[in-house]
Amino acid sequence: MPKRHGNLFDQCFTPDVLHAAYLAARRRKRKKVAVAAFERDLGANLQRLHDELHAGTYAPRPYVTFEVREPKPRLIHAPHFRDVVVQHAIYAAIYPIFDRGFIHDSYGCRKGKGTHRAADRAQQFLRDAPDGSVTLQMDIRKFFYRIDRARLMRLVARRIKDRRLLALLELFARYPDSTGIPIGNLLSQLFALIYLDPLDHFIKRELGRKRYVRYVDDFIVFGIASRAEANALRLQIETFLHERLRLELSRYTIQPTRRGVNFVGFRAWRKTRFVRRHSLHTFSRSLRHGDVPSLVSIMGNARHSASYAHFCRRLRSERPDLVPQLPEAHRHACTNL
């Protein structure tokens with residue numbers, strides 16, 4: 001059993017920690033109405049949170065729900081700003097406890113990781129894989145909606161023994177359906193990491209697969225000797241997901257290493273990578289509409305691929321009027337590429 005940590009509740013909710021959590025929660029959101037409203041009476045609002053938490057009367061307020069499509073539809077549960085502050089206070093205390101037990105090659109929602117490093121690692125594994133080998137890529141069906149909350153809380157309790165904090169974590173894991181956790185909570189990102197950590201260790205330790213990378217519910221095993229071996233491996237993973245985590249695959253792909261992979265927004269091969277077709281369509285639409293913030297976002301992602309030069313050339317030829325509105329690095333690239 002890993003070491004269990006207690007006496008965390010009081011550490012999470014001192015006045016200084018709550019103020020630091022408020023600063024983290026408002027980052028890049030200061031123009032939002034809810035943040036401004038909280039700031040207007042900042043001292044009293046933080047004190048009220050402190051008092052409610054320590055008196056045991058705190059409860060998260062109802063979520064604001066809405067649907068996004070990026071590109072597939074997802075129902076987002078947006079928490080009230082005061083609840084975001086509480087989540088940041090908890091996250092700062094418990095993230096390091098769990099993160100040190102995660103494998104290196106889990107990249108979703110982790111500090112110092114992200115999509116670009118996941119794509120780099122996938123490309124490295126493609127290069128390292130033997131000639132003639134295959135890749136096995138898998139995706140979990142409706143992952144956030146299928147998480148078994150009782151199993152999740154048992155995994156959390158393997159590291160946390162503070163009962164008050166566990167009760168609070170359970171509040172943030174609640175969801176209207178019998179299974180699942182709300183997409184939109186900061187803590188849901190950590191819950192997702194915790195829930196699939198046993199899968200990572202099963203693949204790496206028990207199955208002995210060194211070339212393995214995961215980003216949230218999308219994961220790949222590289223360098224498998226044959227298609228038959230990949231199918232056998234898939235069955236072992238499917239059995240583990242069903243029996244241990246009550247999850248199932250939505251799809252899987254077995255293909256030769258030379259054909260590359262479609263992963264974390266990039267189509268990658270051993271020597272190069274491009275953004276996915278969806279990003280190309282979004283870029284074209286943003287270019288027509290002159291949507292500079294969208295173009296900057298897409299180009300920031302594309303800088304890590306061979307698509308960047310193509311975007312720069314299109315901007316220069318089709319909408320030269322937008323080039324001066326770009327950040328300096330993109331302006332320079334559009335002028336010189």
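**Close-ups of a predicted model**

**View 1. Ala-89, tucked away in helix 5.** At just 2% relative accessibility, Ala-89 counts as buried. This is a predicted model, and the helix around this alanine, helix 5, runs over residues 81–99. For a sense of scale, look across to Thr-239: the two C-alpha atoms sit 37 Å apart. Along the sequence, Ala-89 and Thr-239 are separated by 150 residues.

**View 2. Arg-141, Arg-146 and Glu-248 share a network of salt bridges.** Start with Glu-248 and Arg-141, whose closest N and O atoms are 2.8 Å apart. Glu-248 comes from the loop between helix 11 (227–245) and strand 6 (249–256), and Arg-141 from the loop between strand 3 (134–140) and helix 7 (143–146), so this pair ties together parts that lie 107 residues apart in sequence. Now for the other arginine: Arg-146 also forms a salt bridge with Glu-248, this time with 4.0 Å between the closest N and O atoms. Arg-146 belongs to helix 7, so its pairing with the Glu-248 loop joins parts 102 residues apart in sequence. How buried or exposed are the players? Glu-248 is partly exposed at 40% relative accessible area. Arg-141 is partly exposed too, at 31%, and Arg-146 comes in as partly exposed at 29%.

**View 3. Arg-26 and Glu-39 pair up between two helices.** Here the two side chains meet in a salt bridge, 3.1 Å from N to O. Arg-26 is in helix 2 (residues 15–26) and Glu-39 in helix 3 (residues 33–40), so the pair links distant parts of the chain, 13 residues apart. Is Arg-26 buried or exposed? With a relative accessible area of 19%, Arg-26 is buried, because the cut-off for that label is under 20%. In the whole structure there are 15 salt bridges.

**View 4. Helix 13 has a buried side.** Helix 13 covers residues 292–302, and its buried residues are Val-292, Ser-294, Leu-295, Ile-298, Met-299 and Ala-302. Why do they fall on the same side of helix 13? Because they cover an arc of only 155° around the axis. Swing round to the other side of helix 13 and you meet Pro-293 and Ser-297, both exposed.

**View 5. A patch of positive charge sits on the surface.** Who's in it? Lys-3, Arg-4, Arg-100 and Lys-161 gather here. Pick out Arg-4 and you are in the segment before helix 1 (9–12). Arg-4 counts as partly exposed, with 36% relative accessibility.

**View 6. Asn-7 has a positive phi.** Its phi is near 55°, and this is a residue other than glycine. Asn-7 is found in the segment before helix 1. With a relative accessible area of 65%, Asn-7 is exposed.

**View 7. Val-216 has a positive phi in a loop between strands.** The loop in question runs between strand 4 (212–215) and strand 5 (218–224). Phi of Val-216 is near 55°, again in a residue other than glycine. Is this valine, Val-216, buried or exposed? Val-216 is buried, its relative accessible area being 17%.

Conventions:
Residues numbered from 1 in each chain as written. Predicted model: local features only at pLDDT ≥ 70, side-chain atom pairs only at ≥ 80, totals over all residues. Heavy atoms only, no water. Patch = residues over 30% accessible without salt bridge, like charges linked within 9 Å, V, L, I, M, F, W, Y side chains within 5 Å. Areas by Shrake-Rupley, 256 points an atom, 1.4 Å probe, with all protein chains shown as cover. Lys, Arg positive; Asp, Glu negative; His and termini not counted. Charge placed at Lys NZ, Arg CZ, Asp CG, Glu CD. Helix = DSSP H or I, 4+ residues; strand = E, 2+ residues; numbered from the N terminus. Buried < 20%, exposed > 50% of the residue type's maximum accessible area, 1.4 Å probe, protein only. Arc of directions from axis to C-beta.
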